[in-house]
Amino acid sequence: MKKKIFQSILRVTIVILFVSLMLITGVLHNYFQKIQNQQLKEELALAALGVEQGGSSYLSGLEKHNNRITWIDSNGNIRFDNQADITKMDNHRDREEFIEAIETGLGSSSRHSVTLTENTVYEAKLLSDGTVLRISM
């Protein structure tokens, strides 16, 4: 009898532990995703200011880091990318974040990047010259 009670308590404890772990993981994932999106927006604002003032020379002077920066003309053609060869990249005029940035000034999306072969979060901003600066992580 004691053995059955012990096994029942153990099973319930394991189930509660597993459910708690899943709940905490979900909450933390959402929290860190919000922080990541906020950091991307802040970095995009700073990079956009740099491009507005310095153009391509500003982008060329940036050190390589984890975030990908892409400068796109108003037709969707790539003018600069810090992680990929722009001659091998497709036109970006049909990308969700690009369209949204052209229409509203700011755009964002999340999808699988074919170029980098990983899931990526994108933030884009329309610049005063009609080009779009995009940052992704």
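This short talk walks through the salt bridges, one helix, a hairpin and a surface patch of the structure shown above.

Good morning. Please keep in mind that this is a predicted model. The mean pLDDT of the protein chain is 87, and 97% of its residues reach 70 or more. Among the elements of the chain, helix α3 has the highest mean pLDDT, at 92, whereas helix α2, residues 56-60, has the lowest, at 79.

Let me begin with helix α3, which spans residues 96-104. Which of its residues are buried? They are E97, F98 and A101. These residues cover an arc of only 105° around the axis, and therefore they sit on the same side of α3. On the face turned away from that buried side, we find the exposed residues E103 and T104. Just after the helix comes G105, with a positive phi of about 100°.

I now turn to charge. Side chains of opposite charge can pair when their charged atoms come close. How many salt bridges does the structure hold? It holds three.

One of them joins the side chains of R68 and D81, with a nitrogen-to-oxygen distance of 2.9 Å. This pair links distant parts of the chain, since R68 belongs to strand β1, residues 68-72, and D81 to strand β2, residues 78-81; the two are 13 residues apart. Are R68 and D81 buried or exposed? Both are buried.

Another salt bridge brings us back to helix α3, for the side chain of E97 meets that of R111 at 2.7 Å, N to O. R111 lies in strand β3, residues 106-113, and E97 in helix α3, so this pair ties together parts that are 14 residues apart in sequence. Why is R111 called partly exposed? Because its relative accessibility is 24%, and the partly exposed range runs between 20% and 50%. E97, by contrast, has a relative accessible area of 0% and is therefore buried.

E97 also forms a salt bridge with R134, where the closest N and O atoms are 2.8 Å apart. Here the pair links helix α3, which holds E97, to strand β5, which holds R134, across 37 residues. R134 counts as buried because its relative accessibility is 1%. Taken together, E97, R111 and R134 are linked in a network of salt bridges.

Since R134 has led us to strand β5, let us look at that strand's surroundings. Strand β4, residues 118-126, and strand β5, residues 132-136, run antiparallel and are joined by five bridges. Which residue of β5 is the bridge partner of A124? It is R134, the residue that also forms a salt bridge with E97. The hairpin of β4 and β5 has five residues between the strands, and in this hairpin G130 takes a positive phi near 90°.

Finally, I would like to move to the surface. Which residues make the nonpolar surface patch? V15, F18, V19 and M22 make it, and its area is about 410 Å². Of these residues, let us take M22, which is found in helix α1, residues 2-54. M22 counts as partly exposed because its relative accessibility is 49%, and a residue must be over 50% to be called exposed.

To close, I would ask you to locate E97 in the structure: this buried residue is linked with R111 and R134 in a network of salt bridges. Thank you for your attention.

Note on methods. Residues are numbered from 1 along each chain as its sequence is written. This is a predicted model: local features need pLDDT of at least 70, side-chain atom pairs count only at pLDDT 80 or more; totals for chains, interfaces and linings use all residues. Side-chain values use heavy atoms; hydrogens and water are left out. Buried means under 20% relative accessible area, exposed over 50%, partly exposed in between (1.4 Å probe, protein chains only). Helices (H or I, at least four residues) and strands (E, at least two) are DSSP runs, numbered from the N terminus. The arc is that of the directions from the helix axis to the C-beta atoms. pLDDT is the predictor's confidence in each residue, from 0 to 100. Two strands pair if DSSP finds at least two bridges between them. Patches are made of residues with over 30% relative accessible area and no salt bridge: like charges are joined within 9 Å, nonpolar side chains (Val, Leu, Ile, Met, Phe, Trp, Tyr) within 5 Å. Accessible areas come from the Shrake-Rupley method with a 1.4 Å probe; for residues, only the protein chains shown count as cover. A salt bridge is a side-chain nitrogen of Lys or Arg within 4 Å of a carboxyl oxygen of Asp or Glu.
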